Amino acid sequence: KFSLTAMDTAQRVTERYQGQLHAAVAALNLPAALKLCEEFELECVGADLAVAAPFQKVQMVGYLAENDLNNARYLWKRLPPATKVQDAEIQALWAVGQLMWTREHANVYKALMTTPWTEWMQPLIGILTAQLRSRNLELVVTAYACISVSDCCILLGLPEPQMLEVAAKGGWQYDATSKLLAPMRPAVACHVDDPANNLRDLTRFIVTLGTK
């Protein structure tokens, strides 16, 4: 009778994970991809460095997109020394994580935009960038009564003309003399024009600007 060796079985498991990861990334489903990567790490311990690398990169992107910097740091610590030295993309991702940790917003966006990511990584970096902008937009809208245009540009990673487009789209007040913005805060009460929908629309608008 034909029987699979342990090596054959491990190969099939790896190939199954690779197919599922490819599908999740192609669908831009980062949460599903992250879950797969976590499962792969547990089930395929000792996988070849070249095989494990894509899973490790997606896992790192997933943690950063969720602002889960603790898990990103623990993942970096678990990586094989050879991967840390030889894989430029995982190095670049961890550098982004460190910048996020120290809240160097301008440098985070700069690193994301200027690193020469491989083609298959670019959509994931786009998701990460959009998530960062979305979180910072919510911070600005809910925590600031007044903020300078320059500070807003740093938080959202946008040049001033595009930042002013965002402000106009969101109905924010703008003082051209002082260059201060007064974000429109979501109301506590529910109205026909749901403020939460307003924020979602503005987030989508920012993502569109960021891809121009």
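Is Arg103 buried or exposed? Arg103 is exposed, with a relative accessible area of 67%. That answer comes from a predicted model. We will return to Arg103 after a look at the whole chain.

Start with the overall make-up. The protein has 11 helices and 3 strands. Along the sequence the pattern reads α-α-α-α-α-α-α-α-β-α-α-β-β-α. The chain has 212 residues, and 39% of them count as buried. Its accessible surface is about 12000 Å². Carbon and sulfur atoms hold 57% of that surface. Contacts also link distant parts of the sequence. Among contacts with a separation of 6 or more, 62% join residues 24 or more positions apart.

Now take a pair of helices. Two packed helices are described by the angle between their axes and the distance between the axes. Helix 4 and helix 6 pack at about 145°. Their axes lie 10 Å apart. The crossing is left-handed. Helix 4 brings Leu69, Asn70, Ala72, Arg73 and Trp76 to this contact. Helix 6 answers with Ile90, Gln91, Trp94, Gly97, Met100 and Trp101.

Two loops beside these helices deserve a stop. Most residues other than glycine have a negative phi, and most peptide bonds are trans. Asn67 is not a glycine, yet its phi is positive, about 60°. Asn67 sits in the loop between helix 3 (49-65) and helix 4 (69-78). Asn67 is partly exposed, at a relative accessible area of 40%. Arg103 also has a positive phi without being a glycine, here about 55°. Its loop runs between helix 6 (88-101) and helix 7 (105-114). Arg103 counts as exposed because its relative accessible area, 67%, is over the 50% cut-off.

Next comes the sheet. The 3 strands form an open sheet in the order 1-3-2, with antiparallel pairing. Strand 1 (147-148) and strand 2 (173-175) are the edge strands, each pairing on one side only. Strand 1 and strand 3 (residues 180-182) run antiparallel and are joined by 2 bridges. One residue pair can be picked out by name: Ser148 has Leu180 of strand 3 as its bridge partner.

Helix 9 covers residues 149-156. Which of its residues are buried? They are Val149, Cys152, Cys153, Leu155 and Leu156. These residues lie on the same side of helix 9, because they cover an arc of only 165° around the axis. The general geometry helps here. An α-helix has 3.6 residues a turn, so residues three or four places apart point the same way. After helix 9 comes Gly157, with a positive phi near 65°.

Finish with one residue of that buried set. Cys152 lies in helix 9. Its relative accessibility is 0%, so Cys152 counts as buried, the cut-off being under 20%. What does Cys152 touch, leaving aside residues up to four places away in sequence? The partners are Val140, Ile147, Met163, Trp172 and Leu181. Ile147 belongs to strand 1 (147-148), and Leu181 falls within strand 3 (residues 180-182). Cys152 and Leu181 are 29 residues apart in sequence. In space their C-alpha atoms are 8.5 Å apart. Cys152 of helix 9 therefore touches residues of both strand 1 and strand 3.

Key
Residues numbered from 1 in each chain as written. Predicted model: local features only at pLDDT ≥ 70, side-chain atom pairs only at ≥ 80, totals over all residues. Heavy atoms only, no water. Helix = DSSP H or I, 4+ residues; strand = E, 2+ residues; numbered from the N terminus. Buried < 20%, exposed > 50% of the residue type's maximum accessible area, 1.4 Å probe, protein only. Contact = heavy atoms within 4.5 Å. Areas by Shrake-Rupley, 256 points an atom, 1.4 Å probe, with all protein chains shown as cover. Arc of directions from axis to C-beta. Pairing = 2+ DSSP bridges. Axes fitted to C-alpha atoms, helices over the stretch in contact; angles between N-to-C directions. Left-handed = near helix turned anticlockwise from the far one by under 90°.
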